[in-house]
Amino acid sequence: MTVDATQPYDDANIFAKLVRGEIPSRRVYEDAHSIVFHDIAPWAPVHLLAVPKGRYVSWDDFSASASAEEIVSLTRAIGQAAREAGLVERGYRLIANTGLDSHAEVPHLHVHILAGRALGPMLAHRDG
């Protein structure tokens, strides 16, 4: 099911439960506003997810409503987790899906940090 990023935040989503500690996770970074943890269904040899602890449906919601402190926290959490995982030298990709066309699946902002192999082009190229 894809997420309509214009809908209100749903406190029952899996990442809200994870932030509250109701679901365990393999955390690699945490501060007052952000958490970074291993994805349970990785798309690459390294697949981390960075989430704000606040109630944000999407990047659009976060960028419009989050405090400067929350925005800095998430940005620094991503960088710190990537450095600590040794991803900087070979490179990594960040993905944040917003809305129906992106196929966002969880109504809580999350940034995928993917690495550990050549990841190929950003999107499959199509003619026409």
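With which side chain does the side chain of His 112 make a polar contact? In this predicted model, the partner is the side chain of His 47, at 2.8 Å. The points below begin with this residue and then turn to helix α3 and the two pockets.

1. Position of His 112. This histidine belongs to strand β5, which covers residues 111-115. His 112 has a relative accessible area of 4%. Because the cut-off for a buried residue is under 20%, His 112 counts as buried.

2. Surroundings of His 112. When neighbours within four places in sequence are left aside, His 112 is in contact with Asp 39, Trp 43, His 47, Leu 48, Leu 49, Arg 93, Leu 94, Ile 95 and Asn 97. His 47 thus appears in this list and is also the partner in the polar contact.

3. Length of helix α3. Helix α3 runs over residues 68-84 and has 17 residues. At 1.5 Å a residue it should span 24 Å, and its end C-alpha atoms are 24 Å apart, so the expected span and the model agree. After α3 comes Gly 86, whose phi is positive, near 75°.

4. Packing of helix α3. The buried residues of α3 are Glu 70, Ser 73, Leu 74, Ala 77, Ile 78, Gly 79, Ala 81 and Ala 82. These buried residues pack against the strands β1 (27-30), β2 (34-38), β3 (46-52), β4 (93-95) and β5, and also against helix α2 (59-65). Strand β5, one of these packing partners, is the strand that holds His 112.

5. The largest pocket. Its volume is about 430 Å³. There are 22 residues in its lining, and Phe 15, Asp 39, Ile 40, Leu 49 and Val 106 lie nearest its centre. Both α1 (14-19) and β2 supply at least two lining residues each; α1 gives the most, with three. By class, the lining has twelve nonpolar, seven polar and three charged residues. Asp 39 and Leu 49, named here near the centre, are also among the contacts of His 112.

6. The second largest pocket. This pocket holds about 250 Å³ of space. Its lining consists of Trp 43, Ala 44, Arg 93, Leu 94, Ile 95, Leu 114, Arg 117, Leu 119, Pro 121, Met 122 and Leu 123. Strand β4 gives the most to this lining, with three residues. The lining residues divide into nine nonpolar and two charged, with no polar residue. Trp 43, Arg 93, Leu 94 and Ile 95 belong to this lining and are in contact with His 112 as well.

Definitions and conventions: Residues numbered from 1 in each chain as written. Predicted model: local features only at pLDDT ≥ 70, side-chain atom pairs only at ≥ 80, totals over all residues. Heavy atoms only, no water. Helix = DSSP H or I, 4+ residues; strand = E, 2+ residues; numbered from the N terminus. Buried < 20%, exposed > 50% of the residue type's maximum accessible area, 1.4 Å probe, protein only. Polar contact = N/O pair within 3.5 Å; in protein donor to acceptor, adjacent residues only side chain to side chain. Contact = heavy atoms within 4.5 Å. Expected span 1.5 Å × (residues − 1). 1 Å grid on protein atoms, 1.4 Å probe; cavity = no way out; pocket = protein on both sides within 12 Å on 5 of 7 lines; lining within 4 Å. Points joined across faces, edges and corners; volume = space filled by probe spheres on them. Nonpolar A, V, L, I, M, F, W, Y, C, P; charged D, E, K, R; others polar.
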